[in-house]
Structure formats: structure tokens, C-alpha cells
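User: I am new to this structure and would like to learn how to read its cavities, its pockets and the surroundings of its ligand. Could the features be taken one at a time?

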Amino acid sequence: MSRRGVAILGATGSIGTSALRVIARHPDQFRVVALTAHANREALDQLVTAHHPVFAGLSGSAGGGDVLLAAATHPDVDIVLNAVVGAAGLAATLAALDAGKRVALANKESLVVGGQLVLEAARRGGGELVPVDSEHSAILQALGSAPTSSVRRLVLTASGGPFRASSAAEVVTATVGQTLRHPTWSMGRKITVDSATLANKALEVIEAHFLFGLPFDAIDVVVHPQSIVHSFVEFVDGSMLAQLGVPSMELPILYAFTHPERSTDVGIPRLDPVAMGSLTFEAVRHDVFPMLSIGVGAARRGGAGAAVFNAANEVAVGHFLDGRITFGGIPEVVGETVDTLGSLAGGTRQELLDADARARAHVEGLVRC
Ligand SMILES: NC(=O)c1ccc[n+]([C@@H]2O[C@H](COP(=O)([O-])OP(=O)(O)OC[C@H]3O[C@@H](n4cnc5c(N)ncnc54)[C@H](OP(=O)(O)O)[C@@H]3O)[C@@H](O)[C@H]2O)c1
């Protein structure tokens with residue numbers, strides 16, 4: 001079998017560098033064709049020297065506007081790993097699917113902001129969407145070839161983040177340092193904050209809704225601090241299937257590349273059921289972590305609701321990381337923005353872009369007050 005060409009959008013990030021390790025272990029199956037970063041030229045240069053892509057570019061440079069699209073649609077590329085952070089990933093996901101590529105989707109924001117557009121692009125262009133998020137990879141694997149009609153519900157697991165056991169008062173005053181200390185996963189800064197607020201789980205519920213075609217009422221979340229069970233599928237007969245693995249993104253990245261086939265991978269530690277000890281599950285504390293219900297509530301409105309939530313959260317997280325708002329300020333400004341703008345229309349790409357821009361401006365206004 002010929003080697004499949006891979007484009008990695010966001011190659012300098014946490015998912016991007018994990019993917020490069022996966023590819024380096026399977027030189028017989030994959031080759032790096034295109035790499036992008038946003039602003040980190042030095043890190044990108046190092047990756048270019050190590051992996052010799054045909055194409056490399058900085059999307060944040062002057063004239064970098066088309067870098068993501070050029071990488072995503074490069075003729076030698078079979079698989080596009082979209083590991084860009086934020087709504088900025090949407091256009092490349094659409095372009096890759098339109099060009100008939102397999103999109104290994106880490107950038108869940110693509111589906112949150114433009115779920116219907118993404119599904120339409122896949123249908124139109126013949127591209128294929130395979131999730132990288134460990135929860136959605138677990139569901140894909142547990143579903144196998146079962147039809148949607150045989151599924152009663154999906155249960156996404158959440159680690160609970162660093163404040164799983166903290167009091168409400170401790171959570172609202174949490175510092176940036178405490179927030180970035182995730183107990184089980186090592187990830188980029190934005191998703192690490194989202195894991196602590198549970199905004200990430202809201203994004204994942206919305207992602208699952210579009211990926212697996214199930215209503216929001218059929219998607220639940222349970223806290224599982226060990227991050228070993230990556231999610232469950234409950235079937236109509238009451239049977240539940242789960243996928244388990246050590247908390248490493250390398251396995252779901254590899255699976256997104258090979259699905260429905262599997263590959264051997266000596267680099268990922270194997271799971272020893274005796275050594276893994278107890279697996280525990282808890283209910284989400286919605287009163288302490290309101291971002292999950294704010295996000296899912298926004299998506300239930302339809303239109304641009306989810307896009308407004310996502311944009312407001314991106315800006316709020318940036319301000320939290322820069323010290324301009326508190327941890328407790330994130331749900332405050334995002335909730336207010338969803339209340340004000342969550343019913344905007346979102347049927348077209350332009351409407352979604354407009355809603356995204358208005359939500360960002362609204363949060364900026366709130367933070368300045
Ligand atoms: N990390 C995980 O374990 C994990 C798990 C599941 C899903 N995800 C999802 O995967 C995506 C990437 O997460 P990450 O943790 O890998 O993030 P990260 O470490 O912050 O890396 C982000 C990457 O995207 C680039 N980038 C940043 N802003 C950009 C923009 N506006 N346009 C284009 N590229 C941009 C960065 O380039 P520079 O280095 O030049 O800034 C970097 O290469 C997110 O959607 C996240 O939710 C991550």
C-alpha cells in the first residue's frame with residue numbers, strides 16, 4: 001500500500017507534535033506532506049528540518065491567509081489533521097472536505113461553529129470526517145457498524161479537571177497557574193482552561209451531536225477522574241460498550257488516520273487492567289461548573305447559538321489567561337453574551353462569521369466595563 005500523505009494544521013501544538021511522533025513511528029504508512037503553524041516560526045523551522053514536508057507555512061504571517069487552505073487541499077495530501085485551536089479552523093475543515101480529503105478532526109470548534117456546513121461539505125466533496133478527540137474516537141470505536149437507531153444515548157466522560165473536588169468559592173477565584181495544572185492530560189493552554197471550566201465538555205457534546213446524528217437529550221456527561229474510559233455508547237437493549245486506553249492522544253490520532261483498520265503501535269503504553277486500579281464515576285456539579293449547560297443550551301437554540309458560545313468563550317479564556325478577568329468571570333461574560341446574542345441566525349457561513357464577530361466584540365465590551 002502506498003504511503004498516505006498527511007497535512008498537519010497546527011503542527012507546533014500539543015496535538016500536532018503528538019501526531020508527528022505517531023507518523024515517525026509509522027514511516028511505512030504515512031509521510032508528512034504539509035505543516036502549518038500560526039506565529040511560532042522557530043518551532044516550525046525545526047519541524048521542517050526534521051520532517052521535510054513539501055509545503056510549510058505560517059498562517060499568522062502577513063499574507064498567511066491562504067496557508068491553511070493550501071495545506072488542507074494540497075494534491076499530495078490524503079489526510080488533513082486539523083489541530084488548529086479555535087474557530088479559525090473552520091475554513092480549512094470545509095476546504096479539505098470539499099476537496100475529498102479525510103479530515104482527522106482535533107479542531108472540534110469546526111463542528112461547534114459550523115456543524116451543518118461541515119456535514120454538507122463532506123457530502124458535497126466526498127471527504128470523510130474522523131474525530132481525534134478521545135471521547136469521540138471511543139464512541140466511533142464502540143459504535144462499530146451499529147445504526148443510529150440502535151443507540152439510546154452516548155455518555156461522554158470528563159476528567160473533571162483540576163477543580164473537580166474544589167468548593168464553589170475556590171473555583172471562582174482559581175488562578176491561572178492552578179487552572180493550567182490538569183491532572184491527567186497535557187494539552188494546549190486554551191483547551192486546558194476549557195477542561196477546568198467544563199466548556200470543553202460543552203464543545204464535545206455539540207461535536208458528538210453533529211458527528212453521530214443524535215439529539216442533545218441523548219448525550220450525557222459523567223465525570224471519570226482516571227481518564228481511562230474514554231466514553232460509552234448505550235444501546236436500546238440496555239447494553240453499554242466503552243473504549244478504554246491510557247490517557248494519551250497518540251492512540252486516537254493514529255486511529256483517526258487508520259480507521260476502520262488498526263495499526264500496531266509500540267509507542268503507546270498498553271493498559272494493564274490489574275495495574276489501573278479502581279475506575280470511578282461521578283455526576284457533573286452543574287452549579288459549580290455552569291459552562292457545560294451554558295454551551296449546550298446555546299447549541300439547543302440552533303442558528304448561531306453554538307458559534308456565539310464558542311466565540312465568547314475563546315475571548316473570555318484569552319482575557320482570563322492575561323489576568324483581566326477571574327475564573328468565575330468566564331461563565332459570567334459567556335452566559336451574558338449567549339443571553340444577548342444566542343438567537344442570531346446562523347444558516348450561512350456569512351451569518352456564522354457575523355455572529356462570531358459580534359460575540360467577540362460583545363465580550364470585549366463587557367470586559368472593558
Ligand atoms: N491537546 C489535546 O490533548 C487535545 C485533545 C483533544 C482535542 N484537542 C483540540 O485540538 C486543537 C488543538 O489543541 P492543542 O492543545 O494542540 O492546541 P495548542 O497546543 O495551543 O496548539 C495550537 C496550534 O494551532 C496553531 N494556531 C494557534 N492559533 C491559530 C490560528 N488562529 N490559526 C491557525 N493556527 C493557529 C498554533 O501555532 P503556533 O504554535 O504558531 O501558535 C499551534 O500549532 C483544539 O481544537 C483542541 O480543542 C486537543
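User: Which element gives the most to the lining of the largest cavity?

Analyst: A cavity is a space where a probe fits but cannot get out. In this predicted model, α6 gives the most to the lining of the largest cavity, namely four residues. Two elements, α6 (134-143) and α11 (250-258), give two or more residues to that lining.

User: How many cavities of 30 Å³ or more are there, and what volume does the largest cavity have?

Analyst: The count comes to one cavity of 30 Å³ or more. The volume of the largest cavity is about 50 Å³.

User: Which residues line the largest cavity, and how do they divide by class?

Analyst: The lining consists of Ser134, Ser137, Ala138, Gln141, His230, Gln243, Val246, Ser248, Leu251 and Pro252. By class, six residues of this lining are polar and four are nonpolar, while none is charged.

User: How should the second largest pocket be read, and what is its volume?

Analyst: A pocket, unlike a cavity, is an open set of points. Here the second largest pocket has a volume of about 310 Å³. Its lining comprises 17 residues, and Leu251, Arg262, Ser263, Asp265 and Ile268 are those nearest its centre. Leu251 thus appears in the lining of the largest cavity and also in that of the second largest pocket.

User: Which elements supply the lining of the second largest pocket, and of which classes are its residues?

Analyst: At least two residues come from each of β10 (240-244) and α11. The element that gives the most is α11, with four residues. The lining divides into eight nonpolar, five polar and four charged residues.

User: Which residues are closest to the ligand?

Analyst: The shell around a ligand is read as the set of residues with a heavy atom within 4 Å of it. In this model 25 residues surround the ligand, and Thr12, His38, Ala39, Asn40 and Glu109 are the closest. By class, the shell holds 13 nonpolar, nine polar and three charged residues. Domain 1 (4-131) and domain 2 (138-235 + 281-368) each provide at least three residues of this shell.

User: What polar contacts does the ligand have with Thr12, Gly13 and Glu109?

Analyst: A polar contact is a pair of N or O atoms within 3.5 Å. A polar side-chain atom of Thr12 is 2.6 Å from an oxygen atom of the ligand. For Glu109, an N or O atom of the side chain lies 2.7 Å from a ligand oxygen atom. Gly13 instead places a backbone N or O atom 3.2 Å from an oxygen atom of the ligand. Taken alone, the ligand exposes 900 Å², of which the protein buries 85%.

User: What should be noted about the backbone at Pro260 and His52?

Analyst: For a peptide bond, the angle to read is omega. The bond from His259 to Pro260 is cis, with omega near 0 degrees, and Pro260 lies in the loop between α11 and α12 (291-300). For His52, the angle to read is phi, which is positive, near 50 degrees, in a residue other than glycine. His52 belongs to the loop between α2 (41-51) and β3 (55-58).

Key:
Residues are numbered from 1 along each chain as its sequence is written. This is a predicted model: local features need pLDDT of at least 70, side-chain atom pairs count only at pLDDT 80 or more; totals for chains, interfaces and linings use all residues. Side-chain values use heavy atoms; hydrogens and water are left out. On a 1 Å grid over the protein atoms alone, a cavity is a set of points where a 1.4 Å probe fits but cannot get out, and a pocket is an open set with protein on both sides within 12 Å along at least five of seven lines; lining residues have an atom within 4 Å of a point. Grid points are joined across faces, edges and corners, and a volume is the space filled by probe spheres set on the points. Ala, Val, Leu, Ile, Met, Phe, Trp, Tyr, Cys and Pro count as nonpolar, Asp, Glu, Lys and Arg as charged, and the others, Gly among them, as polar. A polar contact is a pair of N or O atoms within 3.5 Å; within protein, one must be able to donate a hydrogen and the other to accept it, and residues adjacent in sequence count only if both atoms are side-chain atoms. Accessible areas come from the Shrake-Rupley method with a 1.4 Å probe; for residues, only the protein chains shown count as cover. Domain bounds come from an automatic or database domain assignment.
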